[in-house]
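Reader: Hello! Could you take one part of this model and walk me through it closely, with the surroundings it sits in? I would enjoy a connected account rather than a list.

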Amino acid sequence: MLTPDYSLWNEALTEAFFGVDHTGETVYLAVDDDELEAIAREHGIETDDPGRSLAHAVRGELGHGGQRFAPFIRRLHRWRAEVEIPPQVALLSLFVLAASRMDAEPEKGLHANDYYSRLNPLLGLEPSAGMPDGFDQMERLWRDLGSWLDEDLEGTRGRSAIHTHPHFTYIGYPLSQCALRARDRHRLPDFFRSVGLEPGDELSDERLLVHLRVWAQRPSCGLSNGGRASVL
């Protein structure tokens, strides 16, 4: 049985990213610190550090050692008979939160591509511990979430954008969900204005990307380092 704290976060995150207002849209579990703050405020989750609150709730659901993620794997076989929403949404959200924090921090010896050093502290592990035991099984949770959206619900809460990377298989799933953070997405209206685009204007994906890359190189664009790197 899920703890109250975990259930609250799981329901809030599911509603935020896979709500009934997303019918037919492509949806992402685009979790970052700004999004968590907004979700906590909207759903009455009282905390001055939403990331820490989510991490604490997730750790309360984990097993120990090499069985850290086993409780979630076991639920794969029965959750549909017990609850209406996937119980792994908050856990996967924590994985995406770690990916959203992958800016270089030279003063801490952290590189921009160092995913596990961001994830491990959220799981209560040492930053240098490497890939957590059992993390290679998490693709099963990702695929199950995609099946819930696309097959169980047939897109009525959105169509899954879950995929991985051909070389970075395990971390590819969370990375696929956070190409742009909330603060970067909020800058996009400035981009559209800068190139004179209005709602309804038609432009090929290739041409749009060219404009976006030129804009992202401007110091005044306001994108985060991670957002700029994802575009360039």
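**From the whole chain to one loop**

Author: Gladly. In this predicted model, residues 24 or more positions apart account for 63% of the contacts in the protein chain with a separation of 6 or more. The chain holds 12 helices and 2 strands, and from the N terminus on its elements follow the order α-β-α-α-α-α-α-α-β-α-α-α-α-α. Of its 232 residues, 44% are buried. The accessible surface comes to about 12,500 Å², with 49% of that belonging to carbon and sulfur atoms.

Let us settle on the loop between helix H1 (4-18) and strand E1 (26-27), where Asp 21 has its place. His 22 lies in that loop between H1 and E1 too. How do the two stand with respect to the surface? Asp 21 counts as exposed because its relative accessibility is 56%, and the cut-off for that word is over 50%. His 22 has a relative accessible area of 16%, so it is buried; buried here means under 20%.

The surroundings of each residue fill in the picture. Asp 21 belongs to a surface patch of negative charge, where it gathers with Glu 15, Glu 25 and Glu 42. For His 22, setting aside residues up to four places away in sequence, the residues touched are Ala 16, Phe 17, Val 27, Gly 155, Thr 156, Arg 157 and Gly 158.

Those last contacts lead us to another stretch of the chain. Glu 154 sits in the loop between H7 and strand E2 (159-160). Its backbone deserves a look: Glu 154 is not a glycine, yet it has a positive phi of about 50 degrees. With a relative accessible area of 58%, Glu 154 is exposed.

One step back along the chain brings us to helix H7 (residues 138-152), which contains Ser 147. Ser 147 is partly exposed because its relative accessible area is 22%, and that class lies between the limits for buried and exposed. Apart from neighbours within four places in sequence, Ser 147 is in contact with Arg 80 and Asp 152. How far is Ser 147 from Ser 160 in space? The C-alpha to C-alpha distance is 8.2 Å, and the two serines are 13 residues apart in sequence.

To gather the threads: the loop after H1 carries exposed Asp 21 and buried His 22, and the contacts of His 22 include Gly 155 and Gly 158.

Note on methods: Residues are numbered from 1 along each chain as its sequence is written. This is a predicted model: local features need pLDDT of at least 70, side-chain atom pairs count only at pLDDT 80 or more; totals for chains, interfaces and linings use all residues. Side-chain values use heavy atoms; hydrogens and water are left out. Patches are made of residues with over 30% relative accessible area and no salt bridge: like charges are joined within 9 Å, nonpolar side chains (Val, Leu, Ile, Met, Phe, Trp, Tyr) within 5 Å. Accessible areas come from the Shrake-Rupley method with a 1.4 Å probe; for residues, only the protein chains shown count as cover. A salt bridge is a side-chain nitrogen of Lys or Arg within 4 Å of a carboxyl oxygen of Asp or Glu. Lys and Arg count as positive and Asp and Glu as negative; His and the chain ends are not counted. The place of a charge is taken as NZ of Lys, CZ of Arg, CG of Asp or CD of Glu. Helices (H or I, at least four residues) and strands (E, at least two) are DSSP runs, numbered from the N terminus. Buried means under 20% relative accessible area, exposed over 50%, partly exposed in between (1.4 Å probe, protein chains only). Contact means heavy atoms within 4.5 Å.
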